[in-house]
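Okay, thanks for coming, everyone. Let me pull the model up on the screen, and then I'll walk you through the sheet, the cores and a few aromatic rings.

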Amino acid sequence: MMIVSNVRILGGELVDLRISDGVIIAITPAGPEATAAGDELVVDGGGAVALPGLVDLHTHLREPGREDAETVQTGTQSAARGGYTAVHAMANTSPVADTAGVVEQVWRLGREFGHCDVHPVGAVTVGLEGRQLAELGAMADSAARVRVFSDDGRCVDDAVLMRRALEYVKAFDGVIAQHAQEPRLTEGAMMNEGVVSGRLGLTGWPAVAEEAIIARDCLLAAHVGSRLHVCHVSTAGSVEIIRWAKSKGWNVTAEVTPHHLLLTDDLVEDSPVGAYNPIYKVNPPLRTRADVEALRAALADGTIDIVATDHAPHPVEDKETEWSAAAMGMVGLETALNVVQEAMVETGLLDWAGVAQRMSVVPARIGRLAGQGQPLEPGAPANITLYDPSVRTEVDPSAFASKSRNTPYEGMTLPGRVVATFLRGRPTVLEGKLV
């Protein structure tokens with residue numbers, strides 16, 4: 001038996017949670033002081049907000065192949081520190097996760113380390129090369145039970161191949177998660193196409209390169225009656241296309257990253273760390289303030305369904321180089337909830353119930369995860385995040401559990417702190433530290 005005392009479920013009244021065998025068995029009003037009997041453990045939440053454990057639909061764990069950047073162990077430790085109890089590991093590893101053998105390897109590593117549940121994402125095409133469908137059925141039937149498939153990092157730009165993938169996954173209720181980037185329109189592109197790229201002389205990445213693929217794939221998903229998920233939406237135009245598709249009743253979902261909710265392309269020119277700093281180089285690129293405002297509004301009204309981190313760790317040598325040669329991507333697991341508080345809660349666009357929906361309940365539903373994203377109530381698995389929104393802390397990447405440090409928030413002061421994370425009643429983080 002465990003008692004998690006003095007917590008506020010979704011920011012409500014103070015309660016105590018009683019947990020046994022990994023399940024919440026009772027919720028009672030908080031008493032003056034929770035007391036334990038026998039072998040019970042009491043964890044004082046100190047008035048923290050209690051959320052269902054966070055679920056990330058878009059994480060790069062890099063293993064196998066790029067263990068210099070991240071491993072399943074360090075990536076899931078980072079996830080636990082950020083309040084996550086489940087992550088979906090993207091397929092662009094080496095070898096690519098395009099077979100049952102590779103996805104099972106990643107799944108078993110996640111079970112071995114136990115910091116959070118790891119659900120591998122299977123590649124859509126062999127080697128992410130966009131020429132031939134991967135072993136979708138075999139990955140779905142494997143021990144990993146893959147239900148999300150993506151060539152993330154590359155776009156499935158062949159319309160016929162995309163149609164076939166959408167048709168194939170219908171048999172086992174899978175979903176294709178598309179990285180929307182028309183390759184011909186983004187050849188050599190290095191940042192958002194606009195005023196800033198013009199001034200800096202960097203090849204621009206037009207919004208239409210994202211929007212054209214999203215429009216095509218929404219139509220394809222409707223045509224075959226399948227599930228489409230749009231990764232890391234970044235433009236106001238994309239929001240309008242997704243809103244239109246949803247108005248038709250099509251089975252389309254979408255995600256936005258924390259960094260696209262907060263940061264803009266102006267930082268490439270003018271930031272505390274100077275111009276042309278590759279810490280701001282990411283795919284899709286940071287967009288304009290108007291895009292950020294549209295993304296926030298879309299997340300608030302449900303047009304964009306979820307927040308996903310696109311946690312993309314890179315070693316120092318891949319980021320601290322000239323802009324054109326630098327890798328694209330940012331780490332995000334340990335700062336996601338803080339950024340969402342800053343962009344969405346502090347601005348009044350979401351309350352804590354809304355945060356729980358977009359960072360736990362709905363991503364678990366899209367990924368078809370049993371036992372994750374469930375309301376904190378008696379009978380539910382004790383996957384719990386305790387979060388103190390009252391503090392503000394300067395981001396220090398040297399304290400990250402992640403193996404990589406490529407965060408755009410270094411030195412920024414962000415609100416909130418993950419106090420504790422529980423995976424089926426077992427603490428993985430207490431007092432902000434790994435257990």
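Let's begin with strands β1, residues 2-9, and β2, residues 14-20: they run antiparallel and are joined by 5 bridges. Strands here are DSSP runs of E with at least two residues, helices are runs of H or I with at least four, and both are numbered from the N terminus. If you want one bridge to look at, take Ile3, whose partner in β2 is Arg18.

Quick housekeeping. This is a predicted model, so I'm asking for pLDDT of at least 70 for local features and 80 or more for side-chain atom pairs, while totals for chains, interfaces and linings use all residues. Residues are numbered from 1 along each chain as its sequence is written, and side-chain values use heavy atoms, with hydrogens and water left out.

Back to the sheet. It's an open one with 8 strands, in the order β3-β2-β1-β4-β15-β16-β17-β18, and the pairing is mixed; two strands count as paired if DSSP finds at least two bridges between them. So what stands at the edges? That's β3 (23-29) and β18 (433-434), and each has a single partner strand, so one side of each is left without a neighbour in the sheet.

Now helix α12, residues 352-366. It lies across β4 (41-52) and β15 (384-394), at about 85° to β4. That angle is between N-to-C directions, on a scale from 0 to 180 degrees, with axes fitted to C-alpha atoms, for helices over the stretch in contact.

On to the packing. The largest nonpolar core has 76 residues, and Phe149, Leu337 and Met359 have the most contacts inside it. By core I mean buried Ala, Val, Leu, Ile, Met, Phe, Trp, Tyr and Cys joined through side-chain atoms within 4.5 Å; buried is under 20% relative accessible area, exposed over 50%, partly exposed in between, with a 1.4 Å probe and protein chains only. Leaving aside neighbours within four places in sequence, Met359 is in contact (heavy atoms within 4.5 Å) with residues including Leu54, Tyr84 and Leu337. There's also a second, separate core of 21 residues, with Met191 and Ile279 among them.

Last bit: rings. I count 4 aromatic pairs, meaning Phe, Tyr or Trp (six-membered ring) centres within 6.5 Å, with planes under 30 degrees apart called stacked, over 60 edge-to-face and the rest tilted. Tyr168 and Phe172 are edge-to-face, 6.3 Å centre to centre with 65° between the planes. Tyr168 is partly exposed at 43%, whereas Phe172 is buried at 15%. Phe149 joins those two in one aromatic cluster.
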